[in-house]
Amino acid sequence: MITVGTPAKLRRFLEVNPTIPQDRIFVDDSDGYEVYKAMGFGKLTDGIPDKIETLQLRIPGFDLGSAFNYLTNVAWLAPVRSLSEGVPEGVTLLSGTFAFTKERMLHASSDRVPGDYAAPRDVLDDAEALLAQA
């Protein structure tokens, strides 16, 4: 897992998400988020995505406690360095989903807008299909 922000924000993120293994996440705190951008993700400012009719926006299934936890931490965890230059670049970066073994990529997708992430079942199906071919 890769994210943008700072080591302090990553530590806080891991505190509020204790099921995420700390040895499987990296934070890109470089000036231009070069590592993150090398993954090929887009930005909200890139324009309207192709095939907008195929977007499958998903809203996280938060219970009341999870929703409160999210709302009390989201602003602090946002990848914002300074508000002096308008919308911070970090909050415009989109993300994606990868699944891989040590040897091969099993699934890769990029979000076209926030909430357009791969369904977990689709990721698992892709991974299982490729592993079955081995």
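This note goes through the predicted model in numbered points, from its confidence to a few local features.

1. On confidence: the structure is a predicted model, and its chain has an average pLDDT of 79, with 81% of the residues scoring at least 70. Within the chain, the mean is lowest in H3, at 73, whereas the highest confidence is found in H5, at 89.

2. On helix H1, which spans residues 7-16, the buried residues are Lys9, Leu10, Leu14 and Val16. Because these residues cover an arc of only 165 degrees around the axis, they are on the same side of H1. Arg11 and Glu15, by contrast, are exposed on the other side of this helix.

3. On the surface, Phe62, Tyr70 and Leu71 together make a nonpolar patch of about 340 Å². Of these residues, Tyr70 belongs to helix H3, residues 64-77, and its relative accessible area is 43%, so Tyr70 is described as partly exposed. A reader looking at Tyr70 in helix H3 should keep in mind that H3 is where confidence in the chain is lowest, at a mean of 73.

4. On Asp111, this residue is placed in the loop that lies between strand S4 (105-110) and helix H5 (120-133). Its relative accessibility is 10%, and Asp111 therefore counts as buried, the cut-off for that term being under 20%. Leaving aside residues up to four places away in sequence, Asp111 touches Leu94, Ser95 and Gly96, and also Asp116, Tyr117 and Ala118.

Key. Residues are numbered from 1 along each chain as its sequence is written. This is a predicted model: local features need pLDDT of at least 70, side-chain atom pairs count only at pLDDT 80 or more; totals for chains, interfaces and linings use all residues. Side-chain values use heavy atoms; hydrogens and water are left out. Patches are made of residues with over 30% relative accessible area and no salt bridge: like charges are joined within 9 Å, nonpolar side chains (Val, Leu, Ile, Met, Phe, Trp, Tyr) within 5 Å. Accessible areas come from the Shrake-Rupley method with a 1.4 Å probe; for residues, only the protein chains shown count as cover. A salt bridge is a side-chain nitrogen of Lys or Arg within 4 Å of a carboxyl oxygen of Asp or Glu. Helices (H or I, at least four residues) and strands (E, at least two) are DSSP runs, numbered from the N terminus. Buried means under 20% relative accessible area, exposed over 50%, partly exposed in between (1.4 Å probe, protein chains only). Contact means heavy atoms within 4.5 Å. pLDDT is the predictor's confidence in each residue, from 0 to 100. The arc is that of the directions from the helix axis to the C-beta atoms.
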